[in-house]
Amino acid sequence: AARPPGGPVRPRLRTTVGRWGDRAVPLWFEIATLLLVALLLSLVVKSLFLQTFYVPSESMEPTLTGNPNGAQDRIVVQKVSYWGRAPRRGEVVVFEDPGGWLGRGQFDDPSNAAQKLLSTAGLFPSGGHLVKRVIGVGGDTVKCCDTQGRIEVNGVAIAEPYVKDSAATSRQPFDVTVPDGYLWVMGDNRANSADSRAHMDDPGGGYVPDDRVVGKVAFVVWPWKDRAVLHDPEAFASVD
């Protein structure tokens with residue numbers, strides 16, 4: 001076959017992959033559009049469905065691991081359960097700091113632009129939140145403790161198999177009635193958990209507003225050895 005003078009013809013780099021009406025669409029524009037759509041979808045998922053967090057402390061052991069100097073469980077919180085109802089007793093929830101629960105330096109913000117972008121999209125574990133178990137809901141009377149060291153909710157003693165050290169529960173007696181629209185929360189590691197008990201003298205009385213709850217912990221996804229699906233305990237089934 002005949003070739004034009006000057007040697008073989010080299011194919012030109014393709015810069016378009018489609019057409020917009022009668023105009024060619026640049027490749028960079030399509031890539032940017034796809035990235036924008038992916039970001040928007042991530043924001044929708046974060047706002048309505050799922051969000052990732054890390055466990056910053058040991059307060060929820062053995063259910064969740066959060067050694068500040070070692071492994072920190074990465075958890076996925078689902079929000080669908082709370083579309084039409086408030087949190088229930090026994091559920092492990094992530095909530096925004098009600099005010100003064102977290103001191104300075106107790107959580108790390110994203111340290112660079114990439115992490116900030118991923119955090120905004122819900123793809124980078126977020127700080128500035130707490131994770132605890134719901135013990136009492138609005139209207140409940142929560143008391144510590146009966147003669148066997150068990151918490152009582154509305155007069156019903158609760159056997160809590162998820163607690164790390166059950167003897168530690170009774171070391172701080174209390175007797176509270178949870179206001180409507182609020183929660184009483186406690187960590188599973190009762191000897192090392194600055195939960196509602198530690199904030200009873202604060203302006204909020206140690207209660208967490210329902211609207212501060214981000215969602216319910218559904219999975220542990222990392223480290224691999226800790227991966228798990230969280231199930232609601234039956235400990236509160238007999239409480240009215």
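The exercises below work through the annotated site, one sheet and the unusual backbone geometry of this predicted model.

Residues are numbered from 1 along each chain as its sequence is written, and side-chain values use heavy atoms, with hydrogens and water left out. Because the model is predicted, local features need pLDDT of at least 70 and side-chain atom pairs count only at pLDDT 80 or more, while totals for chains, interfaces and linings use all residues.

**Exercise 1.** Determine where the residues that UniProt lists for "active site" lie and how they meet.

Solution. Begin with the record: the unreviewed UniProt entry lists S59 and K132, in the numbering used here, with feature names shortened and annotations that may be inferred rather than shown by experiment. These residues span 74 residues in sequence, yet no two of their C-alpha atoms are more than 7.9 Å apart, so they gather at one spot.

Next, place each residue, taking strands as DSSP runs (E, at least two residues) numbered from the N terminus. S59 is found in the loop between strand 3 and strand 4 (74-78), whereas K132 is found in strand 6 (residues 129-137).

Then consider accessibility, where buried means under 20% relative accessible area, exposed over 50%, and partly exposed in between (1.4 Å probe, protein chains only). S59 is buried at 4%, and K132 is buried at 3%.

Finally, the side chains of S59 and K132 are joined by a polar contact of 2.9 Å, that is, a pair of N or O atoms within 3.5 Å, of which, within protein, one must be able to donate a hydrogen and the other to accept it, residues adjacent in sequence counting only if both atoms are side-chain atoms.

**Exercise 2.** Work out which strands stand at the edges of the sheet with the order 9-8-7-10.

Solution. The sheet is open, has 4 strands and pairs in the antiparallel sense, two strands being paired if DSSP finds at least two bridges between them. Strand 9 (156-157) and strand 10 (174-177) each have a single partner strand, so one side of each is left without a neighbour in the sheet. Strand 7 (residues 141-144) pairs with strand 10 over 4 bridges, and within this pairing V142 has V176 as its bridge partner.

**Exercise 3.** Locate the cis peptide bond that involves C145, and describe N154.

Solution. The cis bond joins C144 and C145, with omega about 5°, and C145 is in the loop between strand 7 and strand 8 (151-153). N154, in the loop between strand 8 and strand 9, has a positive phi near 55° although this residue is other than glycine, and N154 is partly exposed at 32% relative accessibility.
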